[in-house]
Amino acid sequence: MACEIISTHGALFALWGKPTPEDMDRVKAALQVAADECGHPVVYITRVPVKAPPPDAAARARLDALMPGIVTVCSSYHVVLEGDGFGAAVKRGILTGMFQLSWRRKTFFVHATVNEVARNVGSEQQRAVAAMLELAAKRGLLSGEAPL
């Protein structure tokens, strides 16, 4: 299991290591449960630490297959792709470009830090995001290495 998942009312957080197709399925199922429990689409925040390896072809294919269902249960999707410098900025730009085409306008975001997420959600989602990030911080999921 290369993914740690936690949720609060209205938001879901995943810390990624090396993603597997099974992890993609777990995240999609958790997003569905979170949306069903609160009665509306949720804010999805995913943190990718600097040293997390990229997904292999099977994981990318599984994410592509699941994306239409993920879109329906997310009010916004925030990827925190950590790292400094030009290379990290280029990766964030490429990721943004790849996913913008399949998402509603202003619903897919790529950030350098988790602190940027709260500035990119609506006022009605601020409380859910704050609670989620507080819980993730308490569990040590906002810093450190990726899970194996």
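Let's start with the surface. The protein exposes about 7,700 Å², and carbon and sulfur atoms supply 58% of that area. Keep in mind that this is a predicted model. Of its 148 residues, 47% count as buried.

Now the layout. We have 4 helices and 5 strands. Reading from the N terminus, the elements go β-β-α-β-α-β-α-β-α. Look at contacts with a separation of 6 or more: 73% of them join residues 24 or more positions apart.

Next, the sheet. The 5 strands form an open sheet with mixed pairing, and the order is 1-2-3-4-5. Which strands stand at the edges? Strand 1, residues 3-8, and strand 5, residues 108-111. Each has a single partner strand, so one side of each has no neighbour in the sheet. From one strand to the next, the twist averages 15°.

Zoom in on the start of the chain. Strand 1 pairs with strand 2, residues 11-16, in the antiparallel sense. That pairing runs over 6 bridges. Within it, Ile-6 stands opposite Phe-13 of strand 2.

Two helices to point out. Helix 2, residues 57-73, packs on the sheet and touches strand 3 (42-48) and strand 4 (74-81). Its direction makes about 130° with that of strand 4. Helix 4, residues 126-138, packs on the sheet too. Helix 4 touches strand 1, strand 2 and strand 3, and its direction makes about 135° with that of strand 1.

Last, the cysteines. How many disulfides does the structure hold? The count is 0. Cys-38 is buried, at 12% relative accessible area. Cys-74 is buried as well, at 0%.

Conventions: Residues numbered from 1 in each chain as written. Predicted model: local features only at pLDDT ≥ 70, side-chain atom pairs only at ≥ 80, totals over all residues. Heavy atoms only, no water. Buried < 20%, exposed > 50% of the residue type's maximum accessible area, 1.4 Å probe, protein only. Contact = heavy atoms within 4.5 Å. Areas by Shrake-Rupley, 256 points an atom, 1.4 Å probe, with all protein chains shown as cover. Disulfide = S-S within 2.5 Å. Pairing = 2+ DSSP bridges. Axes fitted to C-alpha atoms, helices over the stretch in contact; angles between N-to-C directions.
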